[in-house]
Amino acid sequence: MVFIHTAAGLTVAVALAVTVRSGVLERPLALAFGVFVAVGELSRWSGAGVREAAPLGAAGALAFALLGENAGHPTQHGAAQVVAVVAGASLLGCVPHVARGRGPVLDHLARRVLTVAFAAVCFQPLHDGGVLDRFGGPAHALLLFALLVLGVLCDVVLAAGLAHARTGWPYGPLLRDELRAVPGIGSAVCATGAVIALAVAVVGLWALPLFSLPLLLTQLALRRYAAVRATSRQTIASLARATEIAGYTPPGHARRVAALGVAVGRDLGLSGPELTVLEYAALMHDIGQLSLVDPVPAGATAPLPAREQRRIALLGGAVVRQTGAGEQVAAVVERQADPCAEQPVAARIVRVVNAYDEKVHGAGPGGPLTALEELRLAAAGEYAPEVVEALARVLARASLTLAAGG
């Protein structure tokens, strides 16, 4: 993380020094794109699963980096001016978000600066050397789109690296999740950036507001989709609390199992959709206890006979199907009591983390280490060894506190 931030800072410093020495060329063009990028950054948002917080700002910044003409006239600005304008506009647009404490703004700015610098450095030599003059029509558009794709891939690598440095989660799954999200908002950013660059080259700056409208509508649609997903998760979390309200499980048990389970899933390399299934299943893993006439002491199902565990799990899966949480979630809830070798990874994680939280609940300061040792020494096939070791790594990294279940 320090390396990426330092590289971004040095890039901006060099760009500003070069721009100050040579002066700002084509000031109306620089001002127009600066305002466009700043407005795009002002409209940035955050939420679960957000790949690009400010798609409008990203498209405008990349379009400026790949702009070779303005209304038929060749542009004179270089890569340094592009980086300087984009960095200043992005910083200005992020000021309100910094004031409100929204998200890792420094990471966002570092990604933006380095991605734009990469795209500009790739494009400007081709433009200055007259290479682009030999391309016309579709070939020119395809070249711009290819450079935009490379810029987005650069951003993907940086985003995964920053997330890895910030969380300690494995880099491979983080990179895979970032790549999986590219065909969505990433493709819209690439298409809009290419269209803006080509349109400004023909009709001038009037193309900026006109061709940014589709991406703006896409961003609004994604916000609505994210709101629906957030509401769905809140509904599932509320249903999961039914066992706590009824006195079947200790307060906060489902939430702790879900949080710790997701951390273990990340350590084992689960993808974003798999983590969502795991989280929902962990939240609702005890819902079958509502069918019991007499509550299990402290809600601890791990010490119960295998047949009773299986019955509760099957009842829980039936309830989950009625909630509309999805067949995959219901299957994980049902199979959490199956033999370890027959369980999917998510069910193995729920089983181990549930047992851990039950063992450390009220066990005192030494409870976490004792619980881990009991899980390691359990009968063969009762708990997946790789999941137990992943749990130990997560706790050792202090991703969650050892006393979370106490």
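**Exercise 1.** Determine how many salt bridges a search of the whole structure finds, and characterise the one between Glu 279 and Arg 233.

*Solution.* The whole-structure search yields 16 salt bridges, where a salt bridge is a side-chain nitrogen of Lys or Arg within 4 Å of a carboxyl oxygen of Asp or Glu. The structure is a predicted model, in which local features need pLDDT of at least 70 and side-chain atom pairs count only at pLDDT 80 or more, while totals for chains, interfaces and linings use all residues. Residues are numbered from 1 along each chain as its sequence is written, and side-chain values use heavy atoms, with hydrogens and water left out.

Step 1: in the bridge between Glu 279 and Arg 233, the closest N and O atoms are 2.5 Å apart.

Step 2: Glu 279 belongs to helix H11 (residues 272-283) and Arg 233 to helix H8 (residues 207-240), so the pair ties together parts 46 residues apart in sequence. Helices are DSSP runs of H or I with at least four residues, numbered from the N terminus.

Step 3: Glu 279 is buried at 17% relative accessible area, whereas Arg 233 is partly exposed at 34%. Buried means under 20% relative accessible area, exposed over 50%, and partly exposed in between (1.4 Å probe, protein chains only).

**Exercise 2.** Analyse the salt bridge of Arg 311 with Glu 308.

*Solution.* Step 1: the closest N and O atoms of this pair are 3.1 Å apart.

Step 2: Arg 311 and Glu 308 are three residues apart in helix H12 (residues 306-323), and therefore about one helical turn separates them.

Step 3: Arg 311 is partly exposed at 37% relative accessibility, and Glu 308 is partly exposed at 24%.

Conventions:
Helix = DSSP H or I, 4+ residues; strand = E, 2+ residues; numbered from the N terminus.
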